[in-house]
Amino acid sequence: MNAALKPVASPHVMNTYGRLPIAMSHGRGCRLWDTNGKEYLDALGGIAVNTLGHAHPKLVPALQDQVAQLIHCSNYYHVPDQEKLAQLLVERSGLTNAFFCSTGLEANEAALKLARKYGHDKGIERPEIVVYDKAFHGRSIATLSATGNPKVQAGFGPLVEGFIRVPQNDIESLKKATAGNPNVVAVFFETIQGEGGVNPMRAQYLKDVRALCDANDWLLMIDEVQCGMGRTGKWFAHQWAGILPDVMPLAKGLGSGVPIGAVVAGPKAANIFQPGNHGTTFGGNPLAMRAGVETIRIMEEDGLLENAARVGEHLRAALEKSLSGKPGVKDIRGQGLMIGVELDRPCGVLTQRAADAGLLISVTADSVIRLVPPLIMTTAEADEVAGILLPLIHAFLAE
């Protein structure tokens with residue numbers, strides 16, 4: 001190591017992450033700089049969180065203004081920006097009401113509680129929820145139980161009961177798994193699985209599941225935590241299929257980096273929770289609500305949905321041109337600025353190699369390179385991403 005470089009370590013922090021030996025200092029737009037002054041192009045966006053990139057000139061003064069007024073107050077009182085943000089989400093989703101929390105895990109946990117209460121209100125003593133192979137819904141005991149990854153579940157049993165697991169995009173499997181079962185109350189999935197490897201649900205499948213839920217009086221619960229908030233070029237990824245969920249957890253990109261989660265619900269689920277059924281200390285605090293309101297305002301002012309669709313298509317085309325049909329490349333998939341490149345072998349080493357080359361990415365499901373950059377990314381920056389990443393992939397596959 002260069003003697004002038006400051007090593008980074010966190011000896012007093014619990015060792016829960018396989019971290020790269022980097023600490024970030026500051027960012028501007030789609031660029032980040034580490035504490036040693038090295039510059040990176042950010043194609044990870046804090047894992048689909050930094051919708052507006054870093055230090056956005058419209059967001060920063062709004063958050064500074066809010067911090068100077070009120071950061072937190074209890075949900076014993078009305079929080080005006082909760083109503084403002086709820087209205088913005090309801091108008092863009094076609095649903096009716098929102099509950100605010102602080103993370104995607106909490107949003108998904110709230111959705112699971114909603115489904116169980118929905119069942120109990122109908123006289124179902126042991127409600128069951130359909131979930132999916134390779135899904136990821138969080139790391140609490142309940143969301144971990146709904147997750148479809150044995151590796152992250154290992155060591156935390158016994159898991160919560162009440163889940164029926166099915167494969168993606170197979171309506172017959174779903175029908176078979178639930179046939180004659182009076183305890184089913186909901187079907188719960190990500191429109192595009194994020195941690196599971198950027199696996200999209202097909203539009204026709206989404207329509208079929210919506211119809212099945214309607215026929216059986218089940219809740220359709222769609223986890224848009226990672227693929228929502230404009231990432232695919234529509235506000236929510238399921239909107240490409242022209243369907244409406246009954247329950248929709250959100251988080252990640254909703255606050256552009258300020259911790260925020262939400263559950264948006266339609267008429268079938270919006271009034272299930274009554275006072276005392278659910279709550280949170282930090283959820284819906286004034287700072288997070290202001291971040292959500294401003295994020296949506298700026299996204300619309302700056303045309304970021306259209307930008308996500310256009311730049312995402314441009315980046316994907318560049319990847320396909322170089323990688324399609326190449327031995328070792330299994331698939332290039334996703335939508336908008338949520339792209340996965342699946343290789344035929346584990347490729348976790350590419351995270352460090354990309355960082356060494358000045359590019360931030362992640363590898364998920366062992367062999368899928370995941371790109372979820374800020375929605376402000378330009379086509380020139382997308383070309384830069386491809387220019388750094390493609391030679392790394394080619395070199396890796398040649399080893």
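Where is His-238 found? I looked this up before anything else, and His-238 turned out to be in the loop between strand 10 and strand 11 (247–250). I should jot down early on that I'm working with a predicted model.

**Entry 1: His-238**

Next I asked myself: is His-238 buried or exposed? I found 0% relative accessibility, so His-238 counts as buried. Then I checked what His-238 touches, leaving out residues up to four places away in sequence. I got Thr-191, Leu-206, Ile-222, Glu-224, Ile-243, Pro-245 and Met-248.

**Entry 2: the whole chain**

I zoomed out for a bit. I noted 12 helices and 17 strands in the chain. The C-alpha atoms fill a box of roughly 65 × 55 × 45 Å along the principal axes. How does the radius of gyration of the chain agree with that of a compact globule? For 399 residues I'd expect a value near 21 Å from a compact globule, and the chain has 21 Å, so the two agree.

I also looked at burial: 54% of the 399 residues count as buried. As for the outside, the chain exposes about 17,600 Å², and carbon and sulfur atoms supply 54% of that area. Then came contacts. Taking those between residues at least 6 apart in sequence, I found that 72% join residues at least 24 apart.

**Entry 3: strand 7**

How many of the residues of strand 7 (residues 184–190) are buried? I counted seven of the seven, so strand 7 is largely enclosed by the rest of the structure.

I then looked for its partners. Strand 7 pairs with strand 5 (residues 128–132) in the parallel sense, over three bridges. Strand 7 also runs parallel to strand 10 (residues 219–223), and five bridges join these two. Val-187 was a handy residue to follow here: Val-187 in strand 7 stands opposite Val-130, and the bridge partner of Val-187 in strand 10 is Leu-220. A reminder to myself for looking at strands: in a regular strand the side chains alternate between the two faces of the sheet.

**Entry 4: a greasy spot on the surface**

Which residues form a nonpolar patch on the surface? I found Ile-141, Phe-156 and Leu-159, with about 260 Å² of accessible area together. I picked Ile-141 for a second look. Ile-141 lies in helix 5 (residues 141–146). With 41% relative accessibility, Ile-141 counts as partly exposed, because that label covers values between 20% and 50%.

**Entry 5: backbone oddities**

What kind of peptide bond joins Gly-157 and Pro-158? It's a cis one, with omega about 0 degrees. I located Pro-158 in the loop between helix 6 (150–153) and strand 6 (163–166).

I also went after positive phi values in residues other than glycine. One is Ala-48, with phi near 65 degrees. I placed Ala-48 in helix 1 (residues 45–48). Ala-48 has 3% relative accessibility, so I wrote it down as buried.

Another is Asn-169, with phi near 60 degrees. Where is the place of Asn-169? I found it in the loop between strand 6 and helix 7 (171–178). Is Asn-169 buried or exposed? I got 16% relative accessibility, and buried means under 20%, so Asn-169 counts as buried.

Key
Residues are numbered from 1 along each chain as its sequence is written. This is a predicted model: local features need pLDDT of at least 70, side-chain atom pairs count only at pLDDT 80 or more; totals for chains, interfaces and linings use all residues. Side-chain values use heavy atoms; hydrogens and water are left out. Patches are made of residues with over 30% relative accessible area and no salt bridge: like charges are joined within 9 Å, nonpolar side chains (Val, Leu, Ile, Met, Phe, Trp, Tyr) within 5 Å. Accessible areas come from the Shrake-Rupley method with a 1.4 Å probe; for residues, only the protein chains shown count as cover. A salt bridge is a side-chain nitrogen of Lys or Arg within 4 Å of a carboxyl oxygen of Asp or Glu. Helices (H or I, at least four residues) and strands (E, at least two) are DSSP runs, numbered from the N terminus. Buried means under 20% relative accessible area, exposed over 50%, partly exposed in between (1.4 Å probe, protein chains only). Two strands pair if DSSP finds at least two bridges between them. The radius of gyration is taken over C-alpha atoms; the globule rule is 2.2 Å times the number of residues to the power 0.38. Contact means heavy atoms within 4.5 Å.
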